[in-house]
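Good morning. I will go through one chain today, from its sheets to its overall build. Please keep the structure open while I talk.

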Amino acid sequence: MTFPPLREELRGLQPYGAPQVSTEQAPVQLNTNENPYGPSAACIADIATAVAEAATTLNRYPDREHVALRTALAAYLSRDTPRGVVPEQVWAANGSNEVMLQLLQAFGGPGRSALSFAPTYSMYPEYARDTSTAWVQGRRADDFSLDLDAAAALVREQRPSVVLLPSPNNPTGTALPPEAVGRLCEAASGDGWDGLVVVDEAYGEFRRAGVPSALELLPQHRNLVVTRTMSKAFAAAGLRLGYLAADPAICDAIRVVRLPYHLSAVTQAAALAALRHAEELLGRVDELRAERDETVSWLRAQGLRVADSDANFVLFGTFADRHAVWQRLLDRGVLVREVGPEGWLRVSVGTADEMQTFKQALTQAMAEVMEEDAS
Ligand SMILES: *Cc1c(COP(=O)(O)O)cnc(C)c1O
């Protein structure tokens, strides 16, 4: 027996995570889709006051049901759907990663499967693995869109307990067309079967004007779950706060598998304070969207292939040796992500200055790589 006595299927595996490089080595960090703008002084002060107040009762366990936070999140989500969202439909955890793990703990498991369409977020198969849920992977088309007929047929055939659909998708930036969610919710249920369809809207706030959120479809489909996070548009990745909206029965089921007091009093207080500053924290989203569209056009003008993006990042390529390009960008202090199909790289949208540095560095990196190929 080897030590430590790790589960067979976990032996030799590496933990998930983007390479973290210090800001000295890479002053321009465009690798994890964070919001480049930090909170204002007023927001920081409000969070500090809220946390100080929470600290006075740290001898007690926090509100297990995080009612105040769920109420504030429901109010925030209600902007995106005419029918509104009530607190009983909301559930929060330490990042949407924990929300999705809880979904798989409650609804996956041995004898059940989860399904998504590649290329997509590389954490999904890990939630399945960690909960002993079988993993089924469909494919996206060459332009990273979903072939809806094929996707619905695969869902009907496989009867997964959970379908994971990011919209916009990571790492491609592709949003689902509005009709896709309804089609797949229907395909996932019927004949006495109710598979859940989880639309991961981690980048939902960056979607183009006129594209509805899947939240609008909650009243029609009881098997629909929409997840969100404060990590991206909300500029609070360090806070670790993700949440979902779904039928109250789904929230209730998750309560069975969640750890007691999973959301600390400090997290709840800080998240509530941050939500009071929603306007400010989301204020730069329009700017980032414009910068994204500008980046897409510029990359195309360099003769590169670029995936259409509804998110705060852009997938571009293709390079015979993407690692060589990635390394040359890093040599110039620009960290992007080596992720997605072979030959592609992903850049997060930063400030205008950061994107200027990125463009200069990429121009030089591509010239160097070409020279080497020629010699
Ligand atoms: C970043 C990201 C998340 C958010 O993760 P958190 O745990 O909330 O920080 C979720 N889904 C996708 C596809 C992401 O890229």
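Before the first sheet, one term: two strands count as paired if DSSP finds at least two bridges between them. In general, strands of a sheet pair through backbone hydrogen bonds, either parallel or antiparallel. Note also that this is a predicted model.

Now the sheet of seven strands. It is open, its order is β2-β10-β9-β8-β5-β3-β4, and the pairing is mixed. At the edges you find β2, residues 90-93, and β4, residues 134-139, and each of these pairs on one side only. On average, neighbouring strands in this sheet are turned by 25° against each other, direction ignored.

Let us stay with the edge strand β2. Which way do β2 and β10 run relative to each other, parallel or antiparallel? They run antiparallel, and four bridges join β2 to β10, which covers residues 242-245. For one residue pair to look up, take Ala93: its bridge partner in β10 is Gly242.

Next, the helices on this sheet. Helix α2, residues 67-77, packs on it and touches β2, β10 and β9, the last being residues 224-229. The direction of α2 makes about 115° with that of β2. Helix α7, residues 248-257, lies across β2, β8 (196-200), β9 and β10. Its angle to β2 is about 35°.

Now to another sheet. This one is open too, with three strands in the order β11-β12-β14 and antiparallel pairing. Why do β11 and β14 each have a side without a neighbour in the sheet? β11 (305-306) and β14 (345-348) stand at the edges and have a single partner strand each, so one side of each is left free of a neighbour there. Strand β12, residues 313-317, pairs with β14 over four bridges, in the antiparallel sense. Among the residues involved is Phe313, whose bridge partner in β14 is Ser348. Helix α10, residues 285-301, lies across β11 and β12 and runs at about 5° to β12.

Finally, the chain as a whole. It has twelve helices and 14 strands. Its radius of gyration is 21 Å, close to the 21 Å that the globule rule gives for 375 residues, so the chain is as compact as a globular protein of that length. The C-alpha trace spans about 65 × 55 × 55 Å along its principal axes. Of the 375 residues, 53% are buried. The chain exposes about 17000 Å², and carbon and sulfur atoms supply 52% of that area. As for contacts between residues at least 6 apart in sequence, 73% join residues at least 24 apart.

Key:
Residues numbered from 1 in each chain as written. Predicted model: local features only at pLDDT ≥ 70, side-chain atom pairs only at ≥ 80, totals over all residues. Heavy atoms only, no water. Helix = DSSP H or I, 4+ residues; strand = E, 2+ residues; numbered from the N terminus. Axes fitted to C-alpha atoms, helices over the stretch in contact; angles between N-to-C directions. Contact = heavy atoms within 4.5 Å. Rg over C-alpha atoms; globule rule 2.2 N^0.38 Å. Buried < 20%, exposed > 50% of the residue type's maximum accessible area, 1.4 Å probe, protein only. Areas by Shrake-Rupley, 256 points an atom, 1.4 Å probe, with all protein chains shown as cover.
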